[in-house]
Amino acid sequence: MKSIMNSTKFFTALVAFFLLSALAAVAADQYRVQEVLPGSDASMTPHAINNNGDAVGGAGLSHGGDIRVFFSQHGNAAKELQRATSSDYSEAKSINDAGQVAGSMNTRTAMHAFLWAQSSGVRDLGTLPGDSSSAAFAVNNTGWIAGSSSGASGTRAVLWNPQFKAAEIPGLAGSSESQAFAVNDNNDVVGASGTGDDMHAFLWSQTGGIRDLGALAGDRSSQAFAINKNGQVVGISSNANGSRAFLWTESSGMQNLGGLSGGNYSEAMGINDAGIVVGSSSSNMGLRAFIWDANNGLRDLNTLIPSNSNLVLTGAVAVNNNGQILAVGSRQHDLANDREANMDNDHHSGATRAYLLTPIR
């Protein structure tokens with residue numbers, strides 16, 4: 001009897017697990033919106049969110065200059081992190097579940113990658129030998145950091161280990177430039193490598209080396225911006241007529257995610273472990289934030305928030321494993337500045353705001 005009861009409990013738990021997994025793989029139909037830094041006149045460019053709901057990015061004057069890292073814990077009011085006293089520019093690109101923050105700061109002689117932790121403050125990650133500048137774009141949950149190092153010989157993709165030792169990730173054959181934009185918890189790295197306009201998205205692993213992910217049919221270039229624990233990769237594929245968001249998987253290769261109605265541009269910026277993708281797409285209403293999942297396809301995030309929100313979300317930059325989305329938008333909306341409002345990291349496009357979207361199940 002005891003064996004039967006244990007088997008029943010195991011079966012019930014297994015069913016519950018698969019039901020939760022199925023639910024997690026489908027994006028919500030409604031989201032609650034919370035502004036990350038309400039009441040401020042700073043222009044904000046959000047970049048990353050961890051599974052605790054902590055968000056990071058850059059905040060500064062709406063027309064450039066004196067940009068500072070912002071950090072928001074669990075959706076609360078943002079604060080500035082400690083920074084090097086000689087730096088007049090710093091911007092956070094990634095945050096892991098332990099609260100470590102990776103990004104770039106101006107040392108007044110060059111831009112350098114940094115890692116910040118509550119216990120140790122800001123650490124300058126330096127460069128590869130012979131280089132003068134560097135940038136960090138992602139930090140995973142075990143402390144590996146992906147980015148780039150630049151000098152007279154060009155820009156090279158870099159992976160820093162948890163002891164802060166930098167190692168170059170060799171570029172694709174014939175490439176003169178490469179950058180690493182994301183690293184998952186398996187230490188798989190994605191980015192872009194190539195020459196001039198002929199950049200290609202790549203996937204690198206410690207066992208398999210670097211792999212060219214190619215581009216969508218008819219396209220010349222591509223870049224990979226995010227990878228989840230299952231090895232699913234998202235990014236952008238481009239030609240002279242426009243750009244398209246893509247999802248790459250080992251089984252299906254590179255898939256075109258399309259765009260919103262009336263648009264010829266889309267870009268996938270983030271993916272969670274359930275395969276939910278977020279990004280931005282042009283449309284007949286201007287640039288809009290989107291969400292994609294296998295069941296619903298591509299949807300305008302503005303249709304999934306309360307109608308009285310009085311804002312326009314122009315881009316979604318990240319989604320965590322709880323389904324929370326970090327987005328950028330504006331209350332003083334100007335269609336002419338849509339493109340800049342989403343991706344202009346120098347804050348030249350007017351006041352942009354950061355928003356945390358939490359699913360309502």
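Q: A polar contact is a pair of N or O atoms within 3.5 Å, where within protein one must be able to donate a hydrogen and the other to accept it, and residues adjacent in sequence count only if both atoms are side-chain atoms; which side chain makes such a contact with the side chain of Lys 93?
A: The partner is the side chain of His 47, and the distance of 3.5 Å allows the pair to be called a polar contact because the limit is within 3.5 Å. This is a predicted model, in which local features need pLDDT of at least 70 and side-chain atom pairs count only at pLDDT 80 or more, while totals for chains, interfaces and linings use all residues. Residues are numbered from 1 along each chain as its sequence is written, and side-chain values use heavy atoms, with hydrogens and water left out.

Q: Why is Lys 93 said to have no salt bridge?
A: A salt bridge needs a side-chain nitrogen of Lys or Arg within 4 Å of a carboxyl oxygen of Asp or Glu, whereas the nearest side chain of opposite charge to Lys 93, that of Glu 91, is 4.7 Å away, so none is counted. Lys 93, which is buried, lies in strand E5, residues 90-95 (strands are DSSP runs of at least two residues, numbered from the N terminus).

Q: Why is Ala 289 called buried or exposed?
A: Buried means under 20% relative accessible area, exposed over 50% and partly exposed in between, with a 1.4 Å probe and protein chains only; Ala 289 has 0% and is therefore buried. Ala 289 belongs to strand E23, and although Leu 313 is 24 residues away in sequence, the two lie 5.5 Å apart, C-alpha to C-alpha.

Q: What makes Asn 310 exposed, and what is Phe 164 by comparison?
A: Asn 310 has a relative accessible area of 58%, and because this is over 50% it counts as exposed. Phe 164 stands at 27% and so counts as partly exposed. Each has a positive phi without being a glycine, about 60° for Asn 310 and near 70° for Phe 164. Asn 310 is in the loop between strands E24 (297-300) and E25, and Phe 164 is in the loop between strands E11 (154-160) and E12 (166-169).

Q: Which residues touch the most other members of the largest nonpolar core?
A: Of its 18 residues, these are Tyr 31, Ile 291, Leu 301, Leu 313, Ile 325 and Leu 357. Strand E25 gives the most to this core, with three residues.

Terms used. Helix = DSSP H or I, 4+ residues; strand = E, 2+ residues; numbered from the N terminus. Lys, Arg positive; Asp, Glu negative; His and termini not counted. Core = buried A, V, L, I, M, F, W, Y, C linked by side-chain atoms within 4.5 Å.
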